[in-house]
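User: Could you walk me through reading the inside of a protein model, both the packed parts and the empty spaces?
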Amino acid sequence: YQYVTDVTREYASRRGISDGFLLATPQRQVCSCPAAFARSWLSSDQTLIEDLAEHVMEDSEELDDENEYEDISTSLKEFLLANRPRDLNVDELECSDSKLTRLLEELRNYFDQDPNEKVILFTSFRATARYLTDRLNHAGMESMLLWGNMKESKQELINEFRERPELRVLVSTEVAAEGVDLQFARLLINYDLPWNPMRVEQRIGRIGRLGQKVKVIYIWH
């Protein structure tokens with residue numbers, strides 16, 4: 001966290017611009033899942049780059065010039081890639097991932113009580129979503145990944161998730177936060193939180209809607 005903060009501040013200093021809005025996205029990415037961010041950063045993973053470009057745009061409201069945003073977004077990506085840390089032990093980060101450990105504990109308890117339930121798990125970032133899907137599957141909780149620009153439509157994937165009883169967790173980015181019905185589930189987990197509270201409400205609205213058969217739904221942060 002401190003390393004990516006320092007690198008981003010150095011970039012802003014060289015450009016002679018404020019580091020305030022630039023820091024928001026990389027810091028949020030690290031806080032979402034340090035292990036996922038580190039592995040993606042060290043491998044120059046395109047999902048990390050796509051997330052950075054997308055969310056820097058959301059955080060850059062002080063920039064009125066779209067061309068200026070495009071220039072800063074591109075050059076920041078290049079600067080971060082050129083200044084990757086060389087001594088990070090990603091395996092150690094994964095082994096000591098206490099946030100994931102807590103998630104697995106809570107899900108096991110939930111599924112022990114309700115073996116047939118399905119869970120919706122939201123994250124803002126693609127790198128985190130892929131990491132969670134892999135780790136959940138490895139832990140024996142069959143999970144499906146949903147993000148933008150997949151070969152199948154999001155509704156086709158949601159239908160598959162709903163109909164296949166062995167699938168337990170739908171791990172999704174914001175692509176499923178609007179325009180879809182997920183009221184077949186009664187538990188929604190926010191693995192990380194957007195800054196805009198309306199985005200949180202949009203997520204919750206996927207399961208708290210007409211057609212929901214239970215009297216109480218659960219939202220875990």
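Analyst: Happy to, and let's start with an empty space. This is a predicted model, and the residues lining its second largest cavity divide into four nonpolar, two polar and one charged.

User: Which residues line the second largest cavity?

Analyst: Its lining is made up of Q29, F37, L48, D51, F125, A127 and T128. Helix 4 and helix 8 are the elements that give two or more residues to that lining. The volume of this cavity is about 30 Å³.

User: How are such spaces found, and how many cavities of 30 Å³ or more are there?

Analyst: The general idea is that rolling a probe the size of a water molecule over the atoms shows where empty space is left. Here the count comes to two cavities of 30 Å³ or more. The largest cavity holds about 60 Å³ of space, and Q29, F37, W41, L48, I49, L52, K77, L80 and L81 line it. Helix 3, helix 4 (46–59) and helix 5 (66–82) each supply at least two of those lining residues. By class, the lining has seven nonpolar, one polar and one charged residues.

User: And the packed part: which elements give two or more residues to the largest nonpolar core?

Analyst: In soluble globular proteins, nonpolar side chains tend to be buried together. In this model the largest nonpolar core has 24 residues, and L103, L107, V119, L121, L132, L136 and V169 have the most contacts inside it. Two or more residues come from each of helix 3 (34–42), helix 7 (98–113), strand 1 (119–122), helix 8 (126–138), strand 3 (169–172) and strand 4 (187–190). Helix 7 gives the most, with six residues.

User: What does V169 touch, leaving out residues up to four places away in sequence?

Analyst: V169 touches L107, F111, V119, L121, L136, E142, S143, M144 and F161.

Methods
Residues numbered from 1 in each chain as written. Predicted model: local features only at pLDDT ≥ 70, side-chain atom pairs only at ≥ 80, totals over all residues. Heavy atoms only, no water. Core = buried A, V, L, I, M, F, W, Y, C linked by side-chain atoms within 4.5 Å. Buried < 20%, exposed > 50% of the residue type's maximum accessible area, 1.4 Å probe, protein only. Helix = DSSP H or I, 4+ residues; strand = E, 2+ residues; numbered from the N terminus. Contact = heavy atoms within 4.5 Å. 1 Å grid on protein atoms, 1.4 Å probe; cavity = no way out; pocket = protein on both sides within 12 Å on 5 of 7 lines; lining within 4 Å. Points joined across faces, edges and corners; volume = space filled by probe spheres on them. Nonpolar A, V, L, I, M, F, W, Y, C, P; charged D, E, K, R; others polar.
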